[in-house]
Amino acid sequence: MRRNGQNGQTARGGIWEYAPAPEDRSIVALRSRYGLFINGEFVEPHSGRYFTSLNPASEEPLAEVAYADAEDIDRAVRAARHAYETLWSKLPGKERAKYLFRIARILQERSREFAVLESLDGGKPIRESRDVDIPLAAAHFFYHAGWADKLEYAFAGRTPRPLGVVGQIIPWNFPLLMAAWKIAPALACGNTVVLKPAETTPLTALLLCEVFQQADLPPGVVNILTGDGQTGAWLVQHPDLDKIAFTGSTEVGRQIQKAVAGTRKRLTLELGGKAAHVIFEDAAIDQAVEGIVNGIYFNQGHVCCAGSRLLVQESIAELVVRKLKRRVQRLRIGDPLDKNTDIGAINSLFQLRKIERLVAVGVQEGAELYQPECALPSKGYWYPPTILTKVSMAHTVAREEIFGPVLSVLTFRTPDEAVRIANNTRYGLSAGVWTNKGSRYLEFASRVKAGVVWCNTYNKFDPASPFGGYKESGFGREGGIHGLAAYVEV
Ligand code: NAI
Ligand code: MG
């Protein structure tokens, strides 16, 4: 396939051509500069410093965002503590629920604006931000609004009490959704929050602050501080926090664990993954191929539970790889705001370089590289959908999290071998399995060490269903009653 670099239009010698169908970006009214959201209003950062958030599809600067330092963190934690003690922890659950319902409804009303901004700031296709990120974020607020006045039923026979002030740090792959995952359960349980978004994708969290204002959320209940890893480290070190919740890399998770050890702070960590996606020979192959493609190319592979290792039974390996390659040729890569786009931009230059480096190592170590012929846009950060075959468990690409649109294919002969390979990883977040036999699925699910196992589907999320990992994928669960438990003392 060939592409017109300017607008992601595709000219292919295929069956038909799509006309570009870009979403109108004028629905987003960006300010040129954003302050820190402390005590219900946007304020200047103590340092006076700002940094830029780019559109990774065009490298165009979108807005300047305040850089929070330790002083700002302290100011925000004090605001959150005051709101906790004087108001939020004392408010009856049914009153807290009203705020959460209101936030959820406003998110729905403004969903197109949020979807466009999410795609602009992070590079993900509008189809995903529109159909996945924003609806799930609203669903998370609705779900937890429902729990706010029913906590004594969630923890029957015990008295759940909030923890206090919570520090939360989130990554760039699902910016608004991760904010919702963190904020909704914390507020439902009566805690107050200081949250730090990722440096490349702060804009939807800042728009969420406008929603809090619109919903009349009392000042100080949620404070949002933008900055980088150092800002995150200062937040973790603040002595007056009762809990830290983090989603991001295993390496930073480890540093946070050290920083929190020996303090009163509770900790939940949601870290990396290297999911095995297993196809048995009795699976419905075409559906499985669709699921594999969704599992790894969804959101450019910027997904901690991405199905990055394909384990295919040897008897069908050739057929599956052939079908996969044919499907991958048809994926549309380009303008994230175009509704036809399957694969958007890589989130940052840093992440692009990491993907390039790991794929190069894979090839050096003997993997065979397949990428469809495609001219990528000249500006912005892009990586084509990639399949690596002839991969074994000794290969770096089968062990390291790549966090890009790169699938490593391994083969197995027996169900035992599939389980052994699936578990041969330091991670344990998720896995997928395709088979027509219920017994085979149940056996696999009971033996694989992963927090989530999808059967004959992939990347399905629901606020009622707990999500989280084993081993180096972290600890604690988000979603469902398990997720609530991480925000109460019983
Ligand atoms: P990261 O772990 O550095 O960043 C995640 C968040 O933590 C950001 O808000 C960042 O500002 C903050 N942070 C960074 N250093 C910190 C520190 N010392 N203390 C407190 N907060 C800190 O992830 P990064 O560098 O963006 O991505 C690196 C790799 O991590 C990716 O290539 C990917 O493999 C993995 N990753 C996994 C994610 C997941 O959902 N499990 C999400 C993002 C990245
Ligand atoms: Mg950005």
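These legends go with a set of close-up views of a predicted model.

**View 1. The magnesium ion (ligand 2) and its protein donors.**
Here we're looking at the magnesium ion (ligand 2) with the protein atoms that reach it, which lie 2.2 to 2.6 Å away. Side chains contribute through Ser 53 (OG) and Asp 121 (OD), while Leu 54 (O), Asp 121 (O) and Thr 200 (O) are donors too. If you like reading sites as sequence patterns, this one is spaced S-L-x66-D-x78-T. Ser 53 sits in strand β6 (residues 50–55) and Asp 121 in helix α3 (residues 111–122), so the pair ties together parts that are 68 residues apart in sequence. Both Ser 53 and Asp 121 are buried.

**View 2. Helix α3, the helix that carries Asp 121.**
Staying with α3, a quick sanity check on its geometry: twelve residues at 1.5 Å each should span 16 Å, and the end C-alpha atoms are indeed 16 Å apart, so the two agree. Ten of those twelve residues are buried, which means the helix is largely enclosed by the rest of the structure. The buried set is Glu 113, Phe 114, Ala 115, Val 116, Leu 117, Glu 118, Ser 119, Leu 120, Asp 121 and Gly 122. Among the elements covering them are β6, β7 (60–66) and the helices α2 (93–109), α4 (126–148), α6 (175–188) and α7 (203–214). Right after α3 comes Gly 123, with a positive phi near 90°.

**View 3. Asp 24, a loop residue in contact with α3 residues Arg 112 and Val 116.**
Asp 24 belongs to the loop between β2 (10–11) and β3 (33–34). Its relative accessibility is 45%, so Asp 24 counts as partly exposed. Setting aside neighbours within four places in sequence, its contacts are Arg 112 and Val 116. Val 116 is among the buried residues of α3. For a long-range reference, Arg 477 is 453 residues from Asp 24 in sequence, and their C-alpha atoms are 37 Å apart.

**View 4. Helices α4 and α6 packed against each other.**
Two packed helices are described by the angle between their axes and the distance between the axes. For α4 and α6, the angle is about 5° and the axes are 9 Å apart. The two helices are therefore roughly parallel to each other. From α4, the contact uses Asp 133, Ile 134, Leu 136, Ala 137, His 140, Phe 141, His 144 and Ala 148. From α6, it uses Leu 176, Leu 177, Ala 180, Trp 181, Ile 183, Ala 184, Pro 185 and Ala 188. Sorted by type, the contact residues come out as 13 nonpolar, two polar and one charged.

**View 5. Ala 138 of α4 and the residues it touches.**
Ala 138 lies in helix α4. Its relative accessibility is 3%, below the 20% limit, so Ala 138 counts as buried. Leaving out residues up to four places away in sequence, Ala 138 touches Ala 104, Leu 107 and Gln 108. Ser 408 is 270 residues from Ala 138 in sequence and 34 Å away in space, C-alpha to C-alpha.

**View 6. Val 221, in the loop between α7 and β11 (222–224).**
With a relative accessible area of 0%, Val 221 is buried. Not counting residues up to four places away in sequence, Val 221 touches Ala 83, Trp 88, Leu 187, Thr 192 and Val 193. Asn 191 is 30 residues from Val 221 along the chain, with 7.9 Å between the C-alpha atoms.

**View 7. Gln 300 and Lys 390, two non-glycine residues with positive phi.**
Gln 300 has a phi of about 55°, and for Lys 390 phi is also about 55°. Gln 300 is in the loop between α10 (285–297) and β15 (309–313), whereas Lys 390 is in the loop between β17 (386–389) and α13 (396–399). At 0% relative accessibility, Gln 300 counts as buried. Lys 390, at 56%, counts as exposed.

**View 8. Gln 230 in helix α8 (residues 229–237).**
Gln 230 has 37% relative accessibility, so it counts as partly exposed. Ile 256 is 26 residues away from Gln 230 in sequence, and the C-alpha to C-alpha distance is 12 Å.

Notes. Residues numbered from 1 in each chain as written. Chains lettered and ligands numbered in written order. Predicted model: local features only at pLDDT ≥ 70, side-chain atom pairs only at ≥ 80, totals over all residues. Heavy atoms only, no water. Donors = N, O, S within 2.8 Å, 3.2 Å for Na, K, Ca; no water. Helix = DSSP H or I, 4+ residues; strand = E, 2+ residues; numbered from the N terminus. Buried < 20%, exposed > 50% of the residue type's maximum accessible area, 1.4 Å probe, protein only. Expected span 1.5 Å × (residues − 1). Contact = heavy atoms within 4.5 Å. Axes fitted to C-alpha atoms, helices over the stretch in contact; angles between N-to-C directions. Parallel < 35°, antiparallel > 145°, perpendicular 65-115°, else oblique. Nonpolar A, V, L, I, M, F, W, Y, C, P; charged D, E, K, R; others polar.
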